[in-house]
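New to this one? Here is a relaxed walk through the model, from the overall layout down to a few side chains.

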Amino acid sequence: MRLSSTFTWALLFSTAALVSTAQNKGYSDCGGLLTDLSGRISNYIGPKTVCVWTIQMTPGLHVAMAIPGLNLTCLKEYVEIQDGPPGSASYGKICEGLGLTFRSSSNILTVKYTRKPDHPASSFDVYYYGEPEGSRGQGHC
């Protein structure tokens with residue numbers, strides 16, 4: 001589910017501030033289970049061509065996510081956001097855009113990065129944080 005652009009930037013700046021002040025400097029391994037209340041996924045640079053990060057919040061929280069900018073080579077690499085654990089319904093394959101935001105319908109959201117073996121990995125950051133279940137107020141679509 002996409003969020004309004006005003007909320008997008010508020011989410012992005014507040015999450016970036018939280019992440020930059022925390023000891024978590026970002027997660028750049030190729031996939032894994034992330035359970036922190038907020039964090040950042042950075043692009044993976046290495047030989048693997050498919051990376052899957054599953055973000056799991058405690059029950060009662062949803063995952064709010066912001067991608068400030070994405071400029072991937074669409075035919076060679078993309079990011080896919082899935083609403084739940086791996087294999088769940090997808091928001092689609094994304095390769096470009098500014099101020100992208102998503103919100104899970106449960107406490108789990110999955111980020112999948114895929115690229116062709118002969119294509120170098122592009123740079124991107126994904127910021128996320130836990131949002132209380134009842135907070136679907138202004139700014140949400």
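A quick bit of vocabulary comes first: a residue is called buried when its relative accessible area is under 20%, exposed when that area is over 50%, and partly exposed in between. Cys-95, at 14% relative accessibility, counts as buried because it falls under that 20% mark. Keep in mind that what you are looking at is a predicted model.

**The overall layout**

Start with the big picture. The protein chain has one helix and nine strands. If you read along the sequence, the pattern is α-β-β-β-β-β-β-β-β-β. There are 141 residues in the protein chain, and buried ones make up 45% of them. The chain exposes about 7,000 Å², with carbon and sulfur atoms supplying 56% of that area.

How much of the contact between residues at least 6 apart in sequence joins residues at least 24 apart? The share is 71% in this protein chain.

**The disulfides**

Let's go to the cysteines next. A disulfide is a covalent bond between the sulfur atoms of two cysteines. Searching the whole structure turns up two disulfides. If you number the bonded cysteines in sequence order, the pairing reads 1-2, 3-4.

Take Cys-30 and Cys-51, whose sulfur atoms sit 2.0 Å apart. Their disulfide is left-handed, because the torsion about the S-S bond is about -105°. This pair links distant parts of the chain: Cys-30 is in the loop between α1 (5-21) and β1 (32-34), while Cys-51 is in strand β3 (residues 50-56), 21 residues apart. Cys-30 counts as buried at 18% relative accessibility, and Cys-51 counts as buried at 0%.

Now for Cys-74 and Cys-95, which form a disulfide with their sulfur atoms 1.8 Å apart. With 75° about the S-S bond, the link of Cys-74 and Cys-95 is right-handed. Cys-74 lies in the loop between β4 (61-71) and β5, and Cys-95 in the loop between β6 (90-94) and β7, so this pair ties together parts that are 21 residues apart in sequence. Cys-74 counts as partly exposed, at 38% relative accessibility, whereas Cys-95 counts as buried.

**The salt bridges**

What about charged side chains? The whole structure contains two salt bridges, listed here with the distance between their closest N and O atoms.

| Salt bridge | Closest N and O atoms |
|---|---|
| Arg-40 and Asp-125 | 3.4 Å |
| Glu-131 and Arg-103 | 2.3 Å |

The Arg-40 and Asp-125 salt bridge links distant parts of the chain: Arg-40 belongs to strand β2 (residues 38-42) and Asp-125 to strand β9 (residues 125-132), 85 residues apart. Arg-40 counts as buried, with 19% relative accessibility, while Asp-125 counts as partly exposed, with 25%.

As for the Glu-131 and Arg-103 salt bridge, Glu-131 lies in strand β9 and Arg-103 in strand β7 (residues 96-103), so this pair ties together parts that are 28 residues apart in sequence. Glu-131 counts as buried at 5% relative accessibility, and Arg-103 is buried with a relative accessible area of 1%.

**A buried arginine with no salt bridge**

Now find Arg-115, in strand β8 (residues 108-115). Arg-115 is buried yet has no salt bridge. Why doesn't Glu-77, the nearest side chain of opposite charge, count as a partner? A salt bridge needs a side-chain nitrogen of Lys or Arg within 4 Å of a carboxyl oxygen of Asp or Glu, and Glu-77 is 6.0 Å away from Arg-115.

So what does the side chain of Arg-115 reach? One partner is the backbone oxygen of His-119, at 2.6 Å. Another is the backbone oxygen of Gly-46, which lies 2.6 Å from a polar atom of the Arg-115 side chain. Leaving out residues up to four places away in sequence, Arg-115 touches several residues, including Pro-47, Lys-48, Thr-49 and Pro-120.

**One last stop: Gln-82**

Gln-82 is found in strand β5 (residues 77-82). Is Gln-82 buried or exposed? Gln-82 is buried, with a relative accessible area of 8%. Again leaving out residues up to four places away in sequence, Gln-82 touches Gly-87, Ser-88, Ala-89, Ser-90, Leu-109, Thr-110 and Lys-112.

Methods
Residues numbered from 1 in each chain as written. Predicted model: local features only at pLDDT ≥ 70, side-chain atom pairs only at ≥ 80, totals over all residues. Heavy atoms only, no water. Helix = DSSP H or I, 4+ residues; strand = E, 2+ residues; numbered from the N terminus. Buried < 20%, exposed > 50% of the residue type's maximum accessible area, 1.4 Å probe, protein only. Contact = heavy atoms within 4.5 Å. Areas by Shrake-Rupley, 256 points an atom, 1.4 Å probe, with all protein chains shown as cover. Lys, Arg positive; Asp, Glu negative; His and termini not counted. Polar contact = N/O pair within 3.5 Å; in protein donor to acceptor, adjacent residues only side chain to side chain. Disulfide = S-S within 2.5 Å.
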